Amino acid sequence: MNLINRNYRVMGFANVSNTGYGNADSYLGSSKGAGISVAKYKALVNAWANK
């Protein structure tokens with residue numbers, strides 16, 4: 001299955017380790033909604049990390 005669809009406007013991916021069953025990955029893509037830019041995401045992560 002192709003994870004990239006040219007119609008997707010927002011995408012997300014997460015990895016969780018030590019679930020008791022091993023690692024778990026999750027992916028979601030949608031052609032609806034509005035996301036944030038990479039620059040905004042980096043700013044949010046940096047603000048969180050610098051608390």
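A residue is called buried when its relative accessible area is under 20%, exposed when that area is over 50%, and partly exposed in between, using a 1.4 Å probe and protein chains only. The model is predicted, so local features need pLDDT of at least 70 and side-chain atom pairs count only at pLDDT 80 or more, while totals for chains, interfaces and linings use all residues. Residues are numbered from 1 along each chain as its sequence is written, and side-chain values use heavy atoms, with hydrogens and water left out.

**Exercise 1. Place Ala-34 in the chain and decide whether it is buried or exposed.**

Step one is to list the elements, where helices (H or I, at least four residues) and strands (E, at least two) are DSSP runs numbered from the N terminus. The protein chain has 1 helix and 2 strands, and from the N terminus on they follow the order β-β-α.
Step two is to find the residue: Ala-34 sits in the loop between E2 and H1.
Step three is to apply the cut-off: Ala-34 counts as exposed because its relative accessibility is 71%.
Step four is to look across the sequence, where Ala-34 and Val-10 are 24 residues apart along the chain and their C-alpha atoms are separated by 6.6 Å.

**Exercise 2. Work out which residues make the nonpolar surface patch, and where Ile-36 lies.**

Begin with the rule that patches are made of residues with over 30% relative accessible area and no salt bridge, like charges being joined within 9 Å and nonpolar side chains (Val, Leu, Ile, Met, Phe, Trp, Tyr) within 5 Å. A salt bridge is a side-chain nitrogen of Lys or Arg within 4 Å of a carboxyl oxygen of Asp or Glu.
Ile-36, Tyr-41, Leu-44 and Val-45 make a nonpolar patch of about 380 Å², with areas from the Shrake-Rupley method and a 1.4 Å probe, only the protein chains shown counting as cover for residues.
Ile-36 belongs to the loop between strand E2 (24–30) and helix H1 (38–49), and it is exposed, with a relative accessible area of 52%.

**Exercise 3. Compare the radius of gyration of the protein chain with that of a compact globule of 51 residues.**

The radius is taken over C-alpha atoms, and the globule rule is 2.2 Å times the number of residues to the power 0.38. For 51 residues a compact globule would come near 10 Å, but the protein chain has 14 Å.
Next, consider the box that the C-alpha atoms fill along the principal axes, which is roughly 35 × 35 × 15 Å.
Finally, turn to burial: buried residues make up 2% of the 51 residues in the protein chain.
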